[in-house]
Amino acid sequence: MQIRKTYTDVNPKLLYDEVRDFALKQGATIGESKLETYLLPDNTSSFMFRGNLTFKVPVGQNKAEKECLRAHIVGMTKGETKLIFDIDDELFPEEKVAALQDDLDFIFGSYEAGAAEEEV
């Protein structure tokens, strides 16, 4: 499953931190965590942020960890910030997805651009 959200005037670094904390709250562990900053070519005083987070859960008898959730965040402090979740439904069940979305909506719902959320 994939979930996409677009926010207006949300600091991408804050969104990155909140996504990380909310996923950890649902029992996942961090696999990869990367946040990069880019200068805009026409305005060297403005920055664009790109973040990737992967989360894992233990699977099977040997408890090997497998990726269950991946978050991609791209945006600017002023303007749009986009968030995409790629979710493995079998490893990260619907109730955890719903809880993660509820937490995000509580904090960032008023910044969401229209009804931009879509599930694919």
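Residues with over 50% relative accessible area are classed as exposed, those under 20% as buried, and those in between as partly exposed. By this criterion K25, at 56% relative accessibility, counts as exposed. The model analysed here is predicted.

The largest nonpolar core comprises 25 residues, of which L15, V19, L69, L83, F85 and L104 touch the most other members. Two or more residues are contributed by each of β1 (2-8), α1 (12-25), β3 (43-59), β4 (64-75), β5 (80-87) and α2 (94-108). The greatest contribution comes from α1, which supplies 5 residues. The contacts of V19 illustrate how this core is assembled. Leaving aside residues up to four places away in sequence, V19 touches L53, F55, A71, I73, L83, F85 and L104. In soluble globular proteins, nonpolar side chains tend to be buried together.

The geometry of helix α2 was examined next. Its 15 residues should span 21 Å at 1.5 Å a residue, and the end C-alpha atoms lie 20 Å apart, in agreement with that expectation. The buried residues of α2 are V97, L100, Q101, D103, L104 and F108. Viewed down the helix axis, the buried residues of α2 fall within an arc of 160° and therefore line one face of the helix. An α-helix has 3.6 residues a turn, so residues three or four places apart point the same way. On the face of α2 turned away from the buried side lie the exposed residues E95, D102 and F106.

A search of the whole structure returned 1 aromatic pair. This pair is formed by Y7 and F108 in a tilted arrangement, with 5.7 Å from centre to centre and 55° between the planes. Y7 belongs to strand β1 and F108 to helix α2, and the pair thus links distant parts of the chain, 101 residues apart. Y7 is buried, with a relative accessible area of 0%, and F108 likewise counts as buried at 2% relative accessibility.

Salt bridges number 8 in the structure. One of them joins the side chains of D105 and K5, at 2.9 Å from N to O. Because D105 lies in helix α2 and K5 in strand β1, this salt bridge ties together parts that are 100 residues apart in sequence. D105 is partly exposed, with a relative accessible area of 30%, whereas K5 is buried, with a relative accessible area of 1%.

Helix α2 also takes part in a salt bridge between the side chains of D103 and K25, at 3.1 Å from N to O. Here the linked parts of the chain are helix α2, which holds D103, and helix α1, which holds K25, with the two positions 78 residues apart in sequence numbering. D103 is buried, with a relative accessible area of 17%, while its partner K25 is exposed at 56%.

A further salt bridge connects E36 and R50, whose closest N and O atoms are 2.9 Å apart. E36 lies in strand β2 (residues 29-40) and R50 in strand β3, 14 residues apart. At 25% relative accessibility E36 counts as partly exposed, and R50 is also partly exposed, with a relative accessible area of 32%. Elsewhere, salt bridges that share partners join K5, D105 and E112 into one network. Side chains of opposite charge can pair when their charged atoms come close.

Conventions: Residues numbered from 1 in each chain as written. Predicted model: local features only at pLDDT ≥ 70, side-chain atom pairs only at ≥ 80, totals over all residues. Heavy atoms only, no water. Core = buried A, V, L, I, M, F, W, Y, C linked by side-chain atoms within 4.5 Å. Buried < 20%, exposed > 50% of the residue type's maximum accessible area, 1.4 Å probe, protein only. Helix = DSSP H or I, 4+ residues; strand = E, 2+ residues; numbered from the N terminus. Contact = heavy atoms within 4.5 Å. Phe/Tyr/Trp six-rings, centres within 6.5 Å; stacked < 30°, edge-to-face > 60°. Expected span 1.5 Å × (residues − 1). Arc of directions from axis to C-beta. Salt bridge = Lys/Arg side-chain N within 4 Å of Asp/Glu carboxyl O.
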